[in-house]
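Dear colleague,

Please find below the structure that I am handing over to you. My findings follow it, arranged by region.

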Amino acid sequence: MTTATSADGPATNWGGNVAFQAKRFLRPASLAELQDAVAGSDRLRALGTGHSFNRIADTTGDLVLLTGIPPSVVVDAARSAVTVGPAVRYGELTQRLHEQGRALPNLGSLPHISVAGACATGTHGSGDSNGILGSSVSALEMVTATGQVVSLSRLADPDEFCGAVTGLGSLGIVTSLTLDTVPAFDVAQLVYEDMPWAQFMADPLGVLSAAYSVSVFTDWGTSSVKQVWLKRRTDVDASWTPEPRWLGATLAAGPRHPVPGMSPVHCTQQLGVPGPWHERLPHFRLAFTPSSGEELQSEYSVAREVATDAIEALLSLGERIAPVVQCSEIRTVASDDFWMSPSYQRDSVAFHFTWVKDEQAVIPVVEAVEERLQPFSARPHWGKIFRLDPELLGARYQRWSDFRELLGRYDPDGKFRNDFIDTYFPADG
Ligand SMILES: Cc1cc2nc3c(=O)[nH]c(=O)nc-3n(C[C@H](O)[C@H](O)[C@H](O)COP(=O)(O)OP(=O)(O)OC[C@H]3O[C@@H](n4cnc5c(N)ncnc54)[C@H](O)[C@@H]3O)c2cc1C
């Protein structure tokens with residue numbers, strides 16, 4: 001019998017706003033050690049890279065660090081697939097994939113996060129036809145509450161698989177994920193500045209579909225949208241020559257950071273210089289701090305059909321949002337079938353907020369945003385700050401009670417439960 005070693009762990013999440021309550025940190029060095037750790041613990045949770053801004057990863061029991069398990073990345077070019085271990089970060093995976101001429105269709109804003117942690121919370125990038133990052137998953141393995149390894153795949157277990165991909169870390173500890181890959185491609189990234197709100201609001205979905213991946217940055221407080229980032233695939237838009245002016249906006253003369261005052265050296269190459277997908281689709285470079293580093297985050301997704309009205313609603317709250325937001329990002333996400341995905345069965349527009357790092361000032365505004373977005377059935381990002389009432393939130397997910405049932409079946413004794421999960425998915429009885 002092997003035992004996972006107790007280890008020193010991080011005191012807080014990346015944002016520094018969540019102090020972990022774990023009694024112990026465990027760092028298993030193998031699958032067998034992980035199985036023993038799970039079987040021998042009453043209460044535990046896996047930690048990815050700790051980039052979530054709420055208590056979703058926390059536990060009062062054992063927090064399991066998966067970095068002791070060798071970070072395997074196995075590319076199967078013949079099957080257009082790649083299988084990754086539990087602690088692999090996108091930054092490592094994408095490099096290896098690109099070396100083999102393969103790619104993922106999309107990435108989030110930063111390569112620093114773990115694949116397992118990102119898929120667990122429904123993390124996404126942007127692009128009308130790009131689903132959440134979990135959309136690439138075709139199979140997964142996890143160690144469930146008894147210490148058994150369970151495998152689920154899109155083909156063999158289509159329904160349960162859709163419950164497990166965005167599993168919120170609560171069905172078991174994911175030990176491997178197999179992802180679909182596509183041939184590697186190049187992307188050129190451009191930034192336009194100061195698009196007048198009137199121009200943007202004339203056709204927001206048109207702006208958001210102007211490239212393979214589009215991000216619109218604003219503070220909701222000024223007369224113009226601050227920046228529009230366009231990421232174009234060079235294989236699709238080979239003859240694209242950018243106009244110096246577009247919808248009243250100006251092509252940026254130099255590289256830009258979306259957060260005012262931050263150096264663009266943190267950002268991936270812009271100015272239309274073509275480069276590999278994994279060096280353009282994320283906004284931030286692996287070797288640099290992403291975003292501002294001193295912040296809180298929230299994000300809400302609504303159906304694309306109501307996005308224009310939702311933007312109007314947020315604009316009407318601009319005077320309250322602007323003083324506490326560093327920047328806000330509007331992106332599109334394609335529909336999927338993952339039960340707990342914020343884009344479940346609806347093509348979505350997501351409204352992200354990088355807040356100042358002051359919970360007292362920010363929480364009342366988060367509540368006001370939620371109230372303003374109430375008519376649009378907004379679904380919050382599972383890894384960011386939100387305050388929605390559990391009943392209201394549950395009513396926005398068609399498979400909510402199925403997911404509760406799945407939690408009960410996979411984890412009858414509540415080993416993987418924490419305060420966050422108890423709040424939103426109380427155990428029966
Ligand atoms: C600067 C910054 C930029 C961001 N940009 C984006 C963005 O562009 N798009 C977006 O959607 N989100 C974004 N996020 C949010 C981020 O993607 C999510 O919070 C994501 O879950 C973080 O991954 P992680 O590895 O840090 O997971 P953690 O925060 O460590 O964990 C998240 C959840 O996953 C579970 N988990 C982790 N590993 C495993 C495992 N092996 N098995 C089972 N459960 C596991 C944990 O228990 C927890 O419940 C950003 C966050 C930051 C800090």
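Two residues are taken to be in contact if their C-beta atoms, placed from the backbone, lie within 7 Å. Please also bear in mind that this is a predicted model.

Domains 1 and 2

The protein is divided into domain 1 (5–68), domain 2 (73–183) and domain 3 (186–388). Between domain 1 and domain 2, 17 residues of the former are in contact with 17 residues of the latter. Two elements, helix H1 (31–39) and strand E3 (44–47), each give two or more residues to the side of domain 1 that touches domain 2. The most comes from H1, with 6 residues. By class, this side of domain 1 has 9 nonpolar, 6 polar and 2 charged residues. Taken over C-alpha atoms, the centres of domain 1 and domain 2 are separated by 20 Å.

Helix H2 and its surroundings

Helix H2 (residues 90–99) has as its buried residues Tyr90, Leu93, Thr94 and Leu97. These residues lie on the same side of H2, because they cover an arc of only 95 degrees around the axis. The cover over the buried residues of H2 includes strand E5 (73–76), strand E6 (81–84), strand E7 (102–103) and helix H3 (115–121). Just after H2, Gly101 takes a positive phi of about 75 degrees.

Strands E5, E6 and E10

In a regular strand, side chains alternate between the two faces of the sheet. Strand E6 shows such an alternation: Val82 and Val84 point to one face and are buried, whereas Ala81 and Thr83 point to the other and are not.

E6 runs antiparallel to E5, and 4 bridges join the two. Within this pair, Val84 in E6 is the bridge partner of Val73. The hairpin of E5 and E6 has 4 residues between the strands, and Ser80 takes a positive phi near 50 degrees there. E6 also pairs with strand E10 (residues 173–180), in the antiparallel sense and over 4 bridges. Here Val82 stands opposite Leu179 in E10.

The nonpolar core

The largest nonpolar core has 111 residues, of which Val64, Val115, Cys119, Leu177 and Val228 touch the most other members. Which residues are in contact with Val115, leaving aside its neighbours within four places in sequence? They are Val84, Val88, Tyr90, Leu93 and Leu177. Several of these names have already appeared above: Tyr90 and Leu93 are among the buried residues of H2, and Val84 is one of the buried residues of E6. Leu177 appears with Val115 in the list of core residues that touch the most other members.

Positive phi outside glycine

Two further residues may merit your attention when you inspect the backbone. Leu271 has a positive phi of about 60 degrees, although it is not a glycine. Leu271 is placed in the loop between strand E16 (249–251) and strand E17 (275–276). With 15 other C-beta atoms within 10 Å, Leu271 is partly exposed.

Gln345, likewise not a glycine, has a positive phi of about 50 degrees. The loop that holds Gln345 lies between strand E19 (325–333) and strand E20 (348–355). Is Gln345 buried, exposed or partly exposed? Gln345 is partly exposed, with 15 other C-beta atoms within 10 Å.

With kind regards

Technical notes:
Residues numbered from 1 in each chain as written. Predicted model: local features only at pLDDT ≥ 70, side-chain atom pairs only at ≥ 80, totals over all residues. Buried ≥ 20, exposed ≤ 12 C-beta atoms within 10 Å, placed from the backbone. Domains from an automatic or database assignment. Nonpolar A, V, L, I, M, F, W, Y, C, P; charged D, E, K, R; others polar. Arc of directions from axis to C-beta. Pairing = 2+ DSSP bridges. Core = buried A, V, L, I, M, F, W, Y, C linked by C-beta atoms within 7 Å.
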